Each structure stands twice: as C-alpha cells, then as structure tokens.
Amino acid sequence: MLKVLLLFALLIAGIVFGPMMAGHQGYVLIQTDNYNIETSVTNLVIMLILAMLVLFAIEWLLRRIFHTGARTRGWFTGRKRRRARKQTEQALLKLAEGDHQQVEKLLSKNADHAEQPVVNYLLAAEAAQQRGDEIRANQHLERAAEAAGDDPIPVEITRVRLQLARNEDHAARHGVDRLLEIAPRHPEVLRLAEQAYIRTGAWSSLLEILPSMAKANVGDEAHRSALEQQAWIGLMDQARADQGSEGLGEWWKAQSRKTRHQVALQVAMADHLIECNDHETAQQIIIDGLKRQYDDRLLLPIPRLKTSNPEQLEKVLRQQLKSVGDRPLLWSTLGQSLMKHGEWHEATVAFRAALKQRPDAFDYAWLADALDKLKQPEEAAAMRRDGLLLTLKNNPPS
C-alpha cells in the first residue's frame, strides 16, 4: 500500500511540475546495434512509472490467484478434519454400545485427518481384534506405526496387548522385553510384562521387574508379594523338573540368606521336597525355620512328613511351646506327630490341650482315634459325637 501511495505522489508531482519544466525536458538516447531510441527525460520517467504500475498489478493478480488456491485447499482440508472429528465422536459412542464393527469403520475412515491419527488407528486395531479380524488389526497397527514417527511406545504397547489377547505369549514376551529397554518404568509396560512373564514361565524376569513395579506403583504391596512368591515357586518347579530333588536342594542352597529365610518360601520348599519323597531335607528346612522364628505356616507340612527321626522335630515343637506359649495349632501338630509312632497317651494330652483353647472337629477325631488305641471306647465315642455336633453347627444342613 505504501508503494502505491508513493507512486501516486510521484505521478502527481510529475503532472504539477512537468509543464513548468517543459522547456527543460532534457534528451535521452538509447542506442543498440540495430535501434536508436530517442526520448525526453520526462517521457522516460513516465514510462518507468507506468511499467512499475503494471508490475504491481501483475503481482497483485498473482497473489490473489494463489491465495484463493490456498484458501480452497484449506477449506477442503478443514472439511476433512471436521468430518474426522465427528466420526471419532460417533465411534466413541459406538464403543460404549459395544458395536466394534462400526467403531473400526468410523475410526479408520478419515484417520489421517484426525487430531491424533495414531490414537484412531490404535483404537481401530483393538476394535478389529474384538471382532476377531486379526488381519485388519495388523493393518491398522502398521498405519499407526507409520503415523507415530519417533514415538513407538503406544503402538508397541497395543501390539503386545493384542498378542496377549491372541495367546501369542512368546511374541508378547519378546515385545515387552524390547519395551522395557525403552521405558523400564512405564506402568502399562510393566503390567503387560507381568502377564507375559507369568504365561511363559519367565520367573527370573518377573523377579527382576518387581522393584520397578514398586517404584511405578503398579499393584499394591500385597499383589507384588504374591507375585514374588509365585515367581520363586515357579523357579522351584523348574529346578525340580530339570534336576529332581537333589538339584532342587542344591538350588535352594545357592539362594541368598534373605531368600532362604522367607517363611512362605520355606513352606513351599518343604512341600516340594515332600512331593519328591525327600522328607529328611524337608524336615530340616522346617526345623531351621522354626528355630529362627515361629510361624504357624511352618507347621502345616509337618503332618505329611515321614522321617526316620521324628523325635528331633517333636523336641523342637516342645521347645516352641515353652518359648511362644500355648498355641492350639502347635499342640495339634505335636499330637499328630506323636500318633505316627504310637505315643497314644502323649498324643491325647496334646489334643486335649489344643481343644481346651479352641474346638476343632479334626482334633476331636484324632483324639478319639488315640483313645481307641488306649482302650477307652466310651470317651472316644463322646469325642466323635462332640466333633460331629461341631461340624453340624459350623455347616448347618440347608
């Protein structure tokens, strides 16, 4: 605009002062090989001004033409974006209705023009998977990977999730291994890794991610503790399957003291050894555990033990009675152990002490068996009757 005003000012000045300088117009000669152009200075200035006006007019016309083209393209692009936004909103409503076929169709139709194309393609992939169309799901994943650029995490997370849904467990495990290298504390990656490692029996890998799960607040402490115990038991199963009871024992000795002092693992280890018919080693683990700290869980495997030296275990149980006091489960366990090698009188004392603290149908039955051995059938019958009444009380007939 300023240029145009300046040109008009020069033109007006020429009109005003031109006549005044009519007698002093000067002379201009432009000579080439074949032509001679002669004119006055005033005419040359006027021609230059007119040429500049023509150039400005051409520039304005071209700008209008190209600006109109850009506006046209912008209108078409905006129309597609508005359509993609509307279809995305409709797809979310269909997702709430559970219409996965329409969800996939609406999300993928104009996904390239959506506000977040990657999200559209990923949701379309999950919708296709819900319909059981794995080919379409993979196609949407590939389009999402192309649109994601330098941020592959959302795409790979969705890929692993779909692999787990298809029970492609080993492929999912490979995927989470790569994801953990990129995002070791990503909550969703850790959740998927938990599933993949459990399904594939990758117990060592599961133990390795537990600290990261704690830092990322994935699951509560009870859940992580249960996972840790499950992983250790899985490792026990692997050691027993590969090397038998001897290999299992060597594996246990190779673990850290902190691991070997966990009561839950001591109980699990004793159970595994009993199943392997290695009762002596199982008894030693229980005794070591009880000497370190009393825990009711350590008493549970004892009735299944068949060792050549039960007196050692009974001695430890009596020591526990002195140190921790009367415990009904402790008395009951001692009574069951005494029954195995025919110490019927001592067994009745133990069962009576247990029943004195709390009634239990099993203790009544074991006490009745011991009384039968001691030729006291009337009292034995009374104990069985009390046990039956307690059972009916706890489990009334419908």
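User: Which residues form one aromatic cluster with W232?
Analyst: Heads up: this is a predicted model, where local features need pLDDT of at least 70, side-chain atom pairs count only at pLDDT 80 or more, and totals for chains, interfaces and linings use all residues. Residues are numbered from 1 along each chain as its sequence is written, and side-chain values use heavy atoms, with hydrogens and water left out. Rings of Phe, Tyr and Trp (its six-membered ring) pair if their centres lie within 6.5 Å; planes under 30 degrees apart count as stacked, over 60 as edge-to-face and the rest as tilted. The cluster joins W232 with W251 and W252.

User: How many aromatic pairs does the structure hold, and what is the angle between the planes of W251 and W252?
Analyst: There are 4 aromatic pairs in the structure. One of them is W251 with W252, a tilted pair at 6.5 Å centre to centre, and its planes make an angle of 40°.

User: Is the pair of F351 and W366 stacked or tilted?
Analyst: F351 sits in helix α16 (residues 344–357) and W366 in helix α17 (residues 361–373), so their pairing ties together parts 15 residues apart in sequence. Helices here are DSSP runs (H or I, at least four residues), numbered from the N terminus. The ring centres are 6.0 Å apart and the planes meet at 25°, so the pair is stacked.

User: Is W366 buried or partly exposed?
Analyst: Buried means under 20% relative accessible area, exposed over 50%, and partly exposed in between (1.4 Å probe, protein chains only). F351 has 0%, so F351 is buried. W366 has 26% relative accessibility, so W366 is partly exposed.

User: Which helix gives the most to the largest nonpolar core?
Analyst: A nonpolar core is a set of buried Ala, Val, Leu, Ile, Met, Phe, Trp, Tyr and Cys residues joined through side-chain atoms within 4.5 Å. The largest one has 74 residues, and Y197, I209, M236, W251 and L290 touch the most other members. With 9 residues, the top giver is helix α10 (residues 221–254).

User: Where does this core lie with respect to domain 1 (240–308) and domain 2 (314–397)?
Analyst: The domain bounds come from an automatic or database domain assignment. Both domains give residues to the core, so the core lies between them.

User: What does L298 touch, leaving out residues up to four places away in sequence?
Analyst: L298 is in the loop between α13 (279–292) and α14 (310–324). At 1% relative accessibility, L298 is buried. Counting contact as heavy atoms within 4.5 Å, L298 touches V263, Q266, V267, I286, G289, L290 and Q293.

Definitions and conventions
Helices (H or I, at least four residues) and strands (E, at least two) are DSSP runs, numbered from the N terminus.
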